Protein chains: 2
Amino acid sequence: MGRITLKELAALAGVDKSVASKVANGLSAPASAEKISRVQALMHEHGYVPLSAARSLARRRNQRIGFLLSANTSLGFANEVYARMLCGSLAVCQAQGYQCLADSWDFLRLTDLQLPENILGRSVDGFILTGGVSDAMLDAIRSFALPFVAISGERLRGSVPVFSWDTAVISREVLEYCRSLNHRRIWYCTTQRLGRENLERQLASFPDLRVEILSRTDPTSAEALAKTCTRRYCQLPPAERPTFVFGASVFCCALANELSAQGYRCPQDISLLGSHDNTLAQYYHPGLTTISENYSRLGQLAAETLLAMLSGKLNHSQAIQQSQSHTNTHYWSFRASTRAIDV
Amino acid sequence: MGRITLKELAALAGVDKSVASKVANGLSAPASAEKISRVQALMHEHGYVPLSAARSLARRRNQRIGFLLSANTSLGFANEVYARMLCGSLAVCQAQGYQCLADSWDFLRLTDLQLPENILGRSVDGFILTGGVSDAMLDAIRSFALPFVAISGERLRGSVPVFSWDTAVISREVLEYCRSLNHRRIWYCTTQRLGRENLERQLASFPDLRVEILSRTDPTSAEALAKTCTRRYCQLPPAERPTFVFGASVFCCALANELSAQGYRCPQDISLLGSHDNTLAQYYHPGLTTISENYSRLGQLAAETLLAMLSGKLNHSQAIQQSQSHTNTHYWSFRASTRAIDV
DNA sequence: GTGAAAGCGCTAACAC
DNA sequence: GTGTTAGCGCTTTCAC
């Protein structure tokens, strides 16, 4: 290894290793000024950094958190949504001297109730959880008494600290937007049960709108759904066709492509509103108008809360409170895929 | 914590903790069958998993690698290219019982020669390095005698194990493709110095093609470059305009958007070939033809090589050899943005 | 087969 | 101020 240990360093400096340890940890006045600087000089010279495993064992904390993504594909982090969350959390960890273990965790592994080694072996002090989280999974996780914060999973609110988008707010804003552009016939695509419920609750306030909910419960691809929708669109009498569609950005683009093949144009024939402001939305032609969560900000907030819990600044219920009081981080990006229609 | 330790477990089972340790590590015949099963039952019952820090200290290996991205933005992993590499590496780690520490490392931090804690504190057994790697950085990194494998950084070949795309091969295939579609006037966008050199070398074999190299040395955004190119395109006499442009996929899409605003269509007026097969290329309209590296595969290969080094199956030079002999993982995705023109 | 004992490198409580 | 001491939880010889 060639790496120098504290003991050796202390011997070189002619001090006890406990003194050297205190110097390494920047404790106030652990020794005479002269000795301190001697030790510091040696540390600098040898590029000494405490061995993380030894320090973890002695301190009983790892200065490390996990970022656990529960996805049904090994390509979970390739999804820009999760990648951005990770980036946000990573930035906070870096700023506060924490390490971040990334783990993409297959849904299926849950059936064994086989939690990731990271958690079981306590190699993280806490973790951030995101992706699809089932209740069974949550129970298993919770039984481990490791602090964690979730991102997404609106329904968990109240029992765990969770930073998530508020589908009630989102659906209201979307419907208001539709109305402001004079749209009446709307297709609203949502995958979450709660999102659907929140939408349905909103509908009472929008009796002038005819909203059809496109539930995508099974994991059909965006393309497949787009094809189905296009077929239906074409079969419908023109007066019955939606003039506005809301859905995931990839779905919107896939739909625009399919419709285009049938001769229908966006935004002339149909307005499309995406729910993720990502590279695709930004560069698609026409640029996709979106209402989107700020995912990296969400990752950041989650990490900040988690680290505050770890440092004892926040207890469980305070963390829950903080997660609930976070101001909504969603934002609109108005681009060219939506337009007002004549009344 | 509530977590049970080996010592306690051994006491419960009425055996020495060294025996329990052997059972936990699955050593052959560490004790009588009866004792073994007694210990195993207890371990199962308590959900015992060795404490990772203690095990790391005793074994002097962490079963953990780092995935270091050197980027000039904290949003590095939001780039689909790097996210996919990470996914590939993650999958391998998972399969082989390793943990993966993700770290996005700002270029600027290099100036202090301040290496990430992960490396300095030896909290990883080795790491995968990707993104922009300067020579100074590489020297600093190398001096730490931790095994690592790089992804990208063609010029590093020979001195470190690096999995990278071969710009010589890519440029040849691109030019051949242009020729096969009867294109003569080509804009070829590349950011890397070596990529440019390799392209220039190829040009000798393609005297019939008029290739202009668009060097993007400064970090101008894809949009900015697209605007500049569009201006030039419009100013050029029609007979001088390129009929084929090769570049990063976002750039291609941005260019298509700009050109479209000026009334020029893809692929009717211009063929566009992207260098990354990502979500944008797939869903853009028209679908972007791409020649792309398989990034997740690259991440996978890098991790496999690194883990082989860590387990002693490969030494440094064998790893280099293996990285060089990897069959090219790039592939074409033919979509609608390119077309043959009349001669 | 089994267990005693040393040690991994560091931290922290407590004397001096 | 400084050093002594006792761990942290586990692995790994090495006797028995």
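In this predicted model, the surface near DNA strand C comprises, by class, 12 nonpolar, six polar and 10 charged residues. Of the 28 residues around this strand, those that come nearest are A:Arg3, A:Leu6, A:Tyr48, B:Ala31 and B:Ser32, and sugar and phosphate make up 63% of the atoms of DNA strand C that come within 4 Å of the protein. At least two residues of this surface are supplied by each of α2 (17-24) and α4 of chain A and α2 (17-24) and α4 (52-59) of chain B.

Individual polar approaches to DNA strand C involve both its phosphates and its bases. An N or O atom in the side chain of A:Ser21 is placed 2.8 Å from a phosphate oxygen of the strand, and the side chain of A:Arg55 has an N or O atom 2.7 Å from a phosphate oxygen. From chain B, a polar side-chain atom of B:Lys22 is found 2.9 Å from a base oxygen of DNA strand C.

Around DNA strand D there are 27 residues, of which A:Asp16, A:Ala31, A:Ser32, B:Arg3 and B:Leu6 come nearest; here sugar and phosphate account for 60% of the strand atoms that come within 4 Å of the protein. The surface near DNA strand D divides into 12 nonpolar, six polar and nine charged residues. A polar side-chain atom of B:Tyr48 is positioned 2.7 Å from a phosphate oxygen of DNA strand D, whereas polar backbone atoms of A:Ala58 and B:Ala54 lie 3.4 Å from a base oxygen and 3.5 Å from a base nitrogen of this strand, respectively. The elements giving two or more residues to the surface near DNA strand D are α2 and α4 of chain A together with α2 and α4 of chain B.

The two protein chains also meet each other, with 51 residues of chain A in contact with 51 residues of chain B. About 4300 Å² is buried between chain A and chain B, 62% of it on carbon and sulfur atoms, and A:Arg122, A:Tyr283 and A:His285 supply 15% of the area that chain A buries against chain B, more than any other three residues. Across this interface zero salt bridges are found, while 20 residue pairs are in polar contact, both residues at pLDDT 80 or more. On the side of chain A that touches chain B, two or more residues are given by each of several elements, including α4 (52-59), β2 (99-106) and α10 (222-235), and the largest share, seven residues, comes from α5(A). By class, this side of chain A has 25 nonpolar, 17 polar and nine charged residues.

Note on methods:
Residues are numbered from 1 along each chain as its sequence is written. Chains are lettered from A and ligands numbered from 1 in the order in which they are written. This is a predicted model: local features need pLDDT of at least 70, side-chain atom pairs count only at pLDDT 80 or more; totals for chains, interfaces and linings use all residues. Side-chain values use heavy atoms; hydrogens and water are left out. Contact means heavy atoms within 4.5 Å. Buried area is the accessible area (1.4 Å probe) that two parts lose on being put together, summed over both. A salt bridge is a side-chain nitrogen of Lys or Arg within 4 Å of a carboxyl oxygen of Asp or Glu. A polar contact is a pair of N or O atoms within 3.5 Å; within protein, one must be able to donate a hydrogen and the other to accept it, and residues adjacent in sequence count only if both atoms are side-chain atoms. Helices (H or I, at least four residues) and strands (E, at least two) are DSSP runs, numbered from the N terminus. Ala, Val, Leu, Ile, Met, Phe, Trp, Tyr, Cys and Pro count as nonpolar, Asp, Glu, Lys and Arg as charged, and the others, Gly among them, as polar. A residue is near a molecule or strand if one of its heavy atoms lies within 4 Å of it.
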